[in-house]
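The exercises below ask you to read a structure step by step, and each task is followed by a worked solution. Please keep the sequence and the model in view while you work.

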Amino acid sequence: MGLTVQKEIQDQSLTLYIKGVLDISTAHVFHAHFNEIGNFQVLTIDFSCLEFIDSSGIGEIIDLIYLSQEKT
């Protein structure tokens with residue numbers, strides 16, 4: 001199983017819907033959306049359809065949190 005990331009944009013808010021498996025083999029798909037967060041005031045990540053995550057996926061989430069804090 002792979003990973004899909006769907007985006008929803010409303011005003012200054014970006015929501016990322018994560019579906020599938022976030023592990024070492026799919027982390028690059030999640031990471032590809034990092035550049036977009038600088039253009040928005042609010043970032044929401046919906047993990048309700050995430051089936052599995054490993055330590056690589058958790059590392060990507062932490063990196064995204066740090067990056068979003070730097071851009072505010």
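**Exercise 1.** Locate histidine 33 in this predicted model, decide whether histidine 33 is buried or exposed, and find which residues histidine 33 touches beyond its neighbours up to four places away in sequence.

*Solution.* Begin with the position along the chain: histidine 33 sits in the loop that runs between helix H1 (27-31) and strand E3 (42-53). Next take the accessibility, where the cut-off for buried is under 20% relative accessible area. Histidine 33 has 12% relative accessibility, and therefore counts as buried. Finally, when residues up to four places away in sequence are not counted, histidine 33 touches Val5, Lys7 and Leu16.

**Exercise 2.** List the residues of the largest nonpolar core, and then find which elements give two or more residues to this core.

*Solution.* The largest nonpolar core has 12 residues, and these are Leu3, Val5, Leu14, Leu16, Ile18, Leu22, Phe30, Phe34, Ile37, Phe40, Ile61 and Leu64. Turning to the elements, strand E1 (3-10), strand E2 (13-22) and helix H2 (55-70) are those that give two or more residues to this core. The largest share comes from E2, with four residues.

**Exercise 3.** Find how many aromatic pairs the model has, and describe the geometry of phenylalanine 30 and phenylalanine 34.

*Solution.* The count comes to one aromatic pair. This pair is formed by phenylalanine 30 and phenylalanine 34, with 5.7 Å centre to centre and 85° between the planes. Since planes over 60 degrees apart count as edge-to-face, the pair is edge-to-face. For the surroundings, compare each ring with the cut-off for buried: phenylalanine 30 is buried, with a relative accessible area of 1%, and phenylalanine 34 also counts as buried, at 5% relative accessibility.

**Exercise 4.** Work out what span helix H2 has, which residues of H2 are buried, and where these residues fall when seen down the axis of H2.

*Solution.* Start with the span: H2 has 16 residues and reaches 23 Å from its first C-alpha to its last, which is close to the 22 Å expected at 1.5 Å a residue. Then pick out the buried residues of H2, which are Gly57, Glu60, Ile61 and Leu64. Seen down the axis of H2, the buried residues fall within an arc of 100°, so they line one face of the helix. These buried residues pack against E2, H1 and E3, whereas Ser55, Gln69 and Glu70, on the other side of H2, are exposed.

Now look at the start of H2, where a side-chain oxygen of aspartate 54 reaches to within 3.0 Å of the backbone nitrogen of serine 56. Serine 55, which lies in helix H2, is exposed because its relative accessible area is 62%. Between the C-alpha atoms of serine 55 and tyrosine 66, which are 11 residues apart along the chain, the separation is 16 Å.

**Exercise 5.** Describe the setting of leucine 43 in strand E3, and find which residues leucine 43 is in contact with, leaving aside neighbours within four places in sequence.

*Solution.* Leucine 43 lies in strand E3 and, at 29% relative accessibility, counts as partly exposed. Leaving aside its neighbours within four places in sequence, leucine 43 is in contact with Leu14, Leu16, Ile37 and Leu64.

**Exercise 6.** Explain what is notable about the phi of aspartate 11, and describe where aspartate 11 lies.

*Solution.* As background, most residues other than glycine have a negative phi. Aspartate 11, although not a glycine, has a positive phi of about 50°. Aspartate 11 lies in the loop between E1 and E2, and is exposed, with a relative accessible area of 74%. Its C-alpha is 9.5 Å from that of valine 42, although aspartate 11 and valine 42 are 31 residues apart in sequence.

**Exercise 7.** Place serine 25 in the chain, and find which side chain makes a polar contact with the side chain of serine 25.

*Solution.* Serine 25 is found in the loop between E2 and H1, and its 48% relative accessibility makes it partly exposed. The side chain of serine 25 makes a polar contact with the side chain of aspartate 23, at 2.7 Å. As a last step, consider glycine 57, which is 32 residues from serine 25 along the chain, while their C-alpha atoms are separated by 9.4 Å.

Terms used. Residues numbered from 1 in each chain as written. Predicted model: local features only at pLDDT ≥ 70, side-chain atom pairs only at ≥ 80, totals over all residues. Heavy atoms only, no water. Buried < 20%, exposed > 50% of the residue type's maximum accessible area, 1.4 Å probe, protein only. Contact = heavy atoms within 4.5 Å. Core = buried A, V, L, I, M, F, W, Y, C linked by side-chain atoms within 4.5 Å. Phe/Tyr/Trp six-rings, centres within 6.5 Å; stacked < 30°, edge-to-face > 60°. Expected span 1.5 Å × (residues − 1). Arc of directions from axis to C-beta. Polar contact = N/O pair within 3.5 Å; in protein donor to acceptor, adjacent residues only side chain to side chain.
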